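Colleague: I am new to this structure and should like to learn how to read its strands, helices and core. May we begin with the strands?

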Amino acid sequence: MDAVRHTLPDPRQYHPQVALTNMLIHNAQSALNAKTESDREMWFSAVRDAMAEMLARGELLSISVALAMVPSQQCYQLVWDALRDAAENTGGARAIVFAMPLVLVAGSKSQTTLPGEIADAAGLNQLLREHGVFAAGADVALGGALLHPDSVVGLDSAQLYKLNRDPAHARALLPQQPAPVTVKEEGVFLRYLLGVAIQPEGAEPPLRLGGAVGAWGMPLMKFLGEQLKADGVTLFPIARPPMPAMQAMVAGNYARFEVAMQVFASSQIRRLRELNKEPVAILSAHDNGELHITLSAAGDERNWEAFVWPLAALDNVQLIEESFRELMAECHVREVHVLPELHPDSKDGVPLFFTADDLND
């Protein structure tokens with residue numbers, strides 16, 4: 001596969017003609033246009049410091065307006081990076097509010113509800129400590145409640161700004177409402193485990209944030225499988241590394257759709273091959289901010305299926321295209337099409353999906 005080949009357009013709407021009178025956008029764009037690294041850092045610091053003042057006052061409207069009015073994906077990324085830096089970095093002793101995203105791939109012939117929390121939270125924390133994810137002797141722990149994404153998203157940047165600066169009370173102020181997963185047939189679900197690590201000033205980091213899943217991945221999957229098992233349910237729990245809460249929200253959402261795409265593709269490709277049909281994969285971008293994936297067969301109007309990826313603000317379209325191409329290569333799909341044009345989301349009032357026969361029209 002040609003890893004550098006990118007065909008898919010970005011369907012999200014930006015504001016390239018926006019007036020740079022918005023201070024945050026002006027400074028962010030100045031950072032992007034800076035000729036030297038020192039100039040870039042100066043403009044980035046200006047964005048970050050302005051946001052820190054806004055967060056201290058609980059003033060989120062100006063930040064939301066800037067994020068909504070950015071002229072490009074690069075500008076959005078820089079504004080968001082500055083927001084995260086302002087919320088998370090205190091410059092002294094702090095609480096690190098972090099989360100571990102869990103993607104749960106589950107199937108059941110009858111409707112079944114999985115547990116909403118890890119009963120042995122102490123065992124979970126011990127496992128992560130044994131594998132070096134948590135530092136020995138550090139004050140760090142994950143809670144056992146499986147939180148719905150809405151609960152974690154509800155922790156806005158102003159709240160995180162305050163929690164990260166309140167080591168004594170941060171744990172008690174976190175959301176703790178378990179969200180059990182109800183399974184019927186097959187589904188891909190996202191939950192979060194939320195935690196706090198105390199970072200004394202000048203001390204070594206209390207935990208390893210981000211990066212790749214290490215040797216702890218398989219033991220953790222087995223542990224979570226035991227903790228969340230239910231009669232008649234096939235469960236594959238996939239954990240992503242612990243990350244600061246804002247990053248975890250982004251990574252968790254991306255992981256959910258990436259895994260869901262894999263589950264969809266493997267099931268539909270298998271179905272077509274059982275019908276002695278050669279799968280044709282098509283990826284297209286649509287002007288409502290969605291990517292559409294179809295798996296169909298030439299001359300067959302009935303046995304096609306579609307998958308929709310609604311793009312979040314920080315999703316990387318090129319990375320999604322690469323993941324799609326890699327997945328099709330792993331599944332030995334010979335005919336793969338990535339459409340270079342931006343398409344409407346519907347035609348004659350019907351959602352628009354391209355199938356193998358449309359390629360010849």
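Modeller: Certainly; please note that the model is predicted. Two strands are said to pair if DSSP finds at least two bridges between them. Here, β7 (residues 290-297) pairs with β8 through seven bridges, in the antiparallel sense. Within this pair, Glu 290 faces Pro 310 of β8.

Colleague: In what order do the strands form the open sheet?

Modeller: The order is β8-β7-β6-β9, four strands with mixed pairing.

Colleague: Why is one side of β8 and of β9 left without a neighbour in the sheet?

Modeller: β8 (300-310) and β9 (335-343) are the edge strands, and each has a single partner strand, so one side of each has no neighbour in the sheet. On average, neighbouring strands of this sheet are turned by 20° against each other, direction ignored.

Colleague: Which strands does helix α10 touch?

Modeller: Helix α10 (residues 245-274) packs on the sheet and touches β7 and β8, its direction making about 170° with that of β8. Helix α11 (residues 317-330) lies across β6 (280-286), β7, β8 and β9, and runs at about 160° to β9.

Colleague: How should the nonpolar core be read?

Modeller: A nonpolar core joins buried residues of certain kinds through side-chain atoms within 4.5 Å. The largest one has 80 residues, of which Met 51, Trp 309 and Met 328 touch the most other members. Helix α10 supplies the largest share of this core, 15 residues. Leaving aside residues up to four places away in sequence, Met 328 touches Ala 265, Ile 269, Ala 281, Leu 295, Val 333 and Val 336. Another core, of 32 residues, lies apart from the largest and includes Leu 104, Leu 124, Leu 193 and Leu 224.

Key:
Residues numbered from 1 in each chain as written. Predicted model: local features only at pLDDT ≥ 70, side-chain atom pairs only at ≥ 80, totals over all residues. Heavy atoms only, no water. Helix = DSSP H or I, 4+ residues; strand = E, 2+ residues; numbered from the N terminus. Axes fitted to C-alpha atoms, helices over the stretch in contact; angles between N-to-C directions. Contact = heavy atoms within 4.5 Å. Buried < 20%, exposed > 50% of the residue type's maximum accessible area, 1.4 Å probe, protein only.
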